[in-house]
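Dear colleague,

I am handing over the structure we spoke about, and you will find the sequence and coordinates just below. My notes on what was found follow after that, grouped by region.

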Amino acid sequence: MDIDKEIEKFVLQNSIKFNGKANPGAVIGKLMSVDPNIKSQLKELSLKINKKIAEISKLSVEEQTSILENLAPELLKKEKKEHKKELPDLKGAEFGKVVTRLPPEPSKYLHIGHALSFLINYMYAKKYDGWCILKPEDTNPDKCSKEFADAIEDDIKNYLGIETSETVYISDEMDYMIEKADKLVHKGHAYVCFCKREDMQEFRHSGKVCSCRSRPSETHLTEWKNMKDRKYEASHCSLRLKGDMESTNHVMRDPVLWRINYTPHFRHGDKYCVWPMYDFENSVMDCKYGVTHIFRSSEFGEMRNELQNYIKDLFGWPKQVITHYARFSITGSITSGREIRKLIEEKKVSGWDDPSLVTLQALKRRGIVKEALYDLVYQVGLTLSNTNIDWTVLSSINRQILDSKVNRYFFITEAKKIKIKNSPELVSELNLHPDFPERGQREFKTGSEFYLEKKDIESFKENSLNRLMDCINFRKRNNQYLFDSVEYEKFKGTGEIIVHWLPVSEDLTKVEVLMPDSSIISGIAESGVKNLKIGDIVQFTRFGFCRLDAVADNKFCFVFTHK
Ligand SMILES: [Zn+2]
């Protein structure tokens, strides 16, 4: 075999598959599968392979593809490597009977970590043909607002495409929860504590019971009623569980179940002045709505599960199957609502949807499609060790999805006009996507003048044959450009670059692209860009994927997705 040719073939193939740069090990593997005897020349081959990789990685994936198309088109056949897209079976899950829930707190915008957690719940409900309930936990009037609640519903339904079976705002269940609290007080499982916050903390820390606890049950019933009847100031007292003050699990040491808060609630105004704490509300609501499976990030911890189970036992309710999954994050990203709020105040980011963030609003604006997030769940979904993935992992999944889905357009950032002598008047038809001619074509009328990227012009070598993509071949000679031919066949195999271009016409579109580092790249694009709608994602040839974000003063403003 012609070893150099084989190396080139496999380097190209691997390089195309991995977005422009091949892996030497994979290439050696392929070579050995063709001829196992080459094992004896590994050292020499490695040198050759690395040299070839360095050479080929300078080309764009499109250029690499067109070379491989000539060299060995059979290697271009898309390898259908279907990941098995199925979640592992769930303990105790019966088909048609699984109920899961999404419990966002409408106190900030959702980020990618929430998305994965919600998708796990939703995808399991679907897997078992069950129900998935959206239950915003809005029982802290100080933190929750309509703005966040609306944004969260929009993210969940319209961006993530989660079809929930029911939406229940927990605050709408206040009467039910108050009734359950009444019952606990009545049965002597809860008491009203008047200790100061610091004292309560100190007692809980040292495991001492306060004097409030031992007062007679009737007193607690009266005081609980007083709490509900607005007789006390917000921090004056609270309703606590009679837990175990000596438990090694500090969470069990008489936690506060209800507290007084006079801040008006965004759904109920000042109808209620006592509000349940998270563990009470969570336990009661999961049972009321027949939730069968709960997914919790591992940081939630067994300690709080013990408390929630204890509360459920007091009512004699069945418990849910709890599955833990690891905390998920993207390297270097900020997810804390408090930190993001600070960045917005300091004008370091433009808002919750600033493309440098990983809030769902930002990911959507940037052009990360929901399918990429579903794929991510299959890949990292239920691992138990904390997962910290690089942005490139997400962008690579997203790219694979977008690659065949979105159309391609020419966009030039630093346009320079050149004249190609003797270039004929042509009508060039270019497919919106090379693999899907049925999606339609763009038509360019061309003459002898073209706009090209300045850096491409600077890279043309004297006398070598260059090609304008799907248009003509030409040569540079004595600082002039001369038409050579039209046929791609003539250019094939020269190893020179194929560049994108624009015809010189008045119909070009002004384009701005907001980059992840907040810089803006401006340029011109083909006229077809004018037909795009806000939200459309395109691939600008040799530049990257971008999502149309706004149109202002005839300027089309995109957000950069990724290469
Ligand atoms: Zn007390």
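**Tryptophan 501 and the cores**

Leaving aside residues up to four places away in sequence, tryptophan 501 touches Phe410, Phe450, Tyr451, Leu452, Leu468, Met469 and Cys471. Please bear in mind throughout that this is a predicted model. Trp501 also belongs to the largest nonpolar core, which has 85 residues, and there it is one of the five that touch the most other members, together with Ala115, Leu116, Leu119 and Leu373. Helix 5, residues 112-127, supplies the largest share of this core, namely 10 residues, and at least three residues come from each of domain 2 and domain 4. As a general background, nonpolar side chains tend to be buried together in soluble globular proteins. Apart from this core there is a second, separate one of 29 residues, with Leu184, Ala190, Cys237 and Ile311 among its members.

**Domains**

The domain assignment divides the protein into domain 1 (3-76), domain 2 (99-168 + 326-405), domain 3 (174-279) and domain 4 (406-563). Between domain 2 and domain 3 the centres, taken over C-alpha atoms, are 33 Å apart, and the contact between them involves 8 residues of domain 2 and 8 residues of domain 3. On the domain 2 side of that contact, the residues divide by class into 2 nonpolar, 3 polar and 3 charged.

**The sheet of four strands**

Strands 4, 5, 6 and 7 form an open sheet in the order 4-5-6-7, with antiparallel pairing. Strand 4 and strand 7 (274-276) are at its edges, and because each has a single partner strand, one side of each is left without a neighbour in the sheet. On average, and ignoring direction, neighbouring strands here are turned by 25° against each other. Helix 9, residues 217-228, packs on this sheet and touches strand 4, strand 5, strand 6 and strand 7, with its direction at about 65° to that of strand 4.

What covers the two faces of strand 5 can be read from its residues, 238-241: Ser238 and Arg240 on one side, and Leu239 and Leu241 on the other, are all buried, and both faces are covered. Strand 5 pairs with strand 4 (residues 190-193) in the antiparallel sense over 4 bridges, and one of the bridge partnerships joins cysteine 193 to serine 238. With strand 6 (residues 256-260), strand 5 again pairs in the antiparallel sense, here over 3 bridges; leucine 239 has tryptophan 258 as its bridge partner, while arginine 240 has valine 256.

Helix 8, residues 197-206, offers another picture, since 1 of its 10 residues is buried and the helix therefore lies largely in the open. Glycine 207 follows helix 8 and has a positive phi, near 80°.

**The sheet of seven strands**

A further open sheet, of 7 strands with mixed pairing, has the order 21-18-19-20-14-17-22. Its edge strands, strand 21 (498-499) and strand 22 (502-503), each pair on one side only. Within this sheet, strand 14 (residues 415-421) and strand 17 (residues 449-453) pair in the antiparallel sense over 5 bridges, and the bridge partner of lysine 419 is glutamate 449 in strand 17.

**Strand 27 and its partners**

Strand 27, residues 555-562, runs parallel to strand 23 (residues 509-514), to which 5 bridges join it, and runs antiparallel to strand 26 (residues 544-552), to which it is joined by 7 bridges. In strand 27, cysteine 557 is the bridge partner of glutamate 512, and valine 559 is the bridge partner of arginine 547.

**Positive phi in two loops**

Most residues other than glycine have a negative phi, which is the background for the following cases. The hairpin of strand 26 and strand 27 has 2 residues between the strands, and aspartate 553 there takes a positive phi near 45°. Asparagine 554 lies in the loop between the two strands, strand 26 and strand 27, and has a positive phi of about 60° although it is not a glycine. Is asparagine 554 buried or exposed? It has 8 C-beta neighbours inside 10 Å and so counts as exposed. Asparagine 422, in the loop between strand 14 and strand 15 (426-431), likewise is not a glycine but has a positive phi of about 65°. With 10 C-beta neighbours inside 10 Å, asparagine 422 counts as exposed.

With best regards

Conventions: Residues numbered from 1 in each chain as written. Predicted model: local features only at pLDDT ≥ 70, side-chain atom pairs only at ≥ 80, totals over all residues. Buried ≥ 20, exposed ≤ 12 C-beta atoms within 10 Å, placed from the backbone. Pairing = 2+ DSSP bridges. Domains from an automatic or database assignment. Contact = placed C-beta atoms within 7 Å. Nonpolar A, V, L, I, M, F, W, Y, C, P; charged D, E, K, R; others polar. Core = buried A, V, L, I, M, F, W, Y, C linked by C-beta atoms within 7 Å. Axes fitted to C-alpha atoms, helices over the stretch in contact; angles between N-to-C directions.
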